[in-house]
Amino acid sequence: MKLTLNELAAVVEAEVVGDGSIAIDSAASLEEARAGQLSFLSNPKYVPLLETTCASAVVVSPGVGSNNNRVALLRSKDPYYSFALAVVKLHGLRKHPHAGIHPGAHVDPAAAIGEGTVIYPGVYVGPRAKVGRDCILYPNVVIYDECILGDRVTIHANTTIGVDGYGFATHRNADGVPVHHKIPQIGIVIIEDDVEIGANCAISRAALASTVIGRGSKLGELIAIGHGTRLGAHCLLVSQVGIAGSVMIGHHVTMAGQVGVAGHLKIGDGVTIAAQSGVMTDIPPQSTMIGAPAMPATHARRVYLYFTQLPALADRIKKLEQQVAELGVEGNGEGEGEGKSKK
């Protein structure tokens, strides 16, 4: 679709700075854009690219590009969201090669599939599973028996919903050898409305009740969620997050890449956890956590500042220890001399 900058501004709720009659036909990055394309700038370190980009217009936040005279701007209070709206308007959403259930998928006769749902080849939907309206299941997604998906759920290729939770009872046999016995996982997984799950994820069914992924949450690739964990609404989990079983997670929680969470913990609403953090204790609401073990960000910054200086600090301590030892020797020597002179 081709729109003028003025027309596009009305759609994305942005202010035009420059020639509003410019025609825009698509979107591209600042480095790769050509004339007729719209680009996006949010990180201040990329501001110099406004002087080199070939884009006809750039979506920016208030105050960015004030000294720019060579490229038109769409100034928005929420530039990332405005750019997303623009991309949808210019390019539309992904068009599927077929409607409904592809013949190459296997949907059990006892499963329920909502209207408008698209199921790709290689998908398996088990007995008594329920998939809501307008969902998308990409190739080789597996939905185990009795699991429930809400409306507008998108699950990318090779993800499995409802795999058995990791539950084993260790019992010594007659020879005294510990043997691990499987605990049947008789619960289910519930994926609420408007959830998107990336490729190659595994969400375990609960041992007894339900594993829940809250509405509006977005999960990246290669994520594992343990049995009985409950994820609140509108959470963001970046790739390679691992969450053990029975973790209670509030709403609007963000976990960056490779965060690990131990089992049976409570993570409050609005928590942010930095990449590669290891969570081993409960986290109160609205906290920002960094590190392994995860600690409050203000404390963690001090810890890591000293951590990077450990070699130098160790050298200083050795020198101080040597100086203290030398002072001790000198002190002992002076004391003995004074004692002898008094005699």
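User: Before we start, what makes two rings a pair, and which residues do ring pairs link into a cluster?
Analyst: Rings of Phe, Tyr and Trp (its six-membered ring) pair if their centres lie within 6.5 Å; planes under 30 degrees apart count as stacked, over 60 as edge-to-face and the rest as tilted. This is a predicted model, where local features need pLDDT of at least 70 and side-chain atom pairs count only at pLDDT 80 or more, while totals for chains, interfaces and linings use all residues. Residues are numbered from 1 along each chain as its sequence is written, and side-chain values use heavy atoms, with hydrogens and water left out. The cluster linked by ring pairs is Phe-40, Tyr-80 and Phe-83.

User: Okay, what kind of aromatic pair do Tyr-304 and Phe-307 form?
Analyst: The count of aromatic pairs comes to 5. For Tyr-304 and Phe-307, the rings sit 6.2 Å centre to centre, with 70 degrees between the planes. Since over 60 degrees is the cut-off, this pair is edge-to-face.

User: Is Ser-39 buried or exposed?
Analyst: Buried means under 20% relative accessible area, exposed over 50%, and partly exposed in between (1.4 Å probe, protein chains only). Ser-39 has 1% relative accessibility, so Ser-39 counts as buried.

User: And how exposed is Phe-307 next to Tyr-304, going by relative accessible area?
Analyst: Tyr-304 comes out at 32%, so Tyr-304 is partly exposed. Phe-307 is exposed, and its relative accessible area is 52%.
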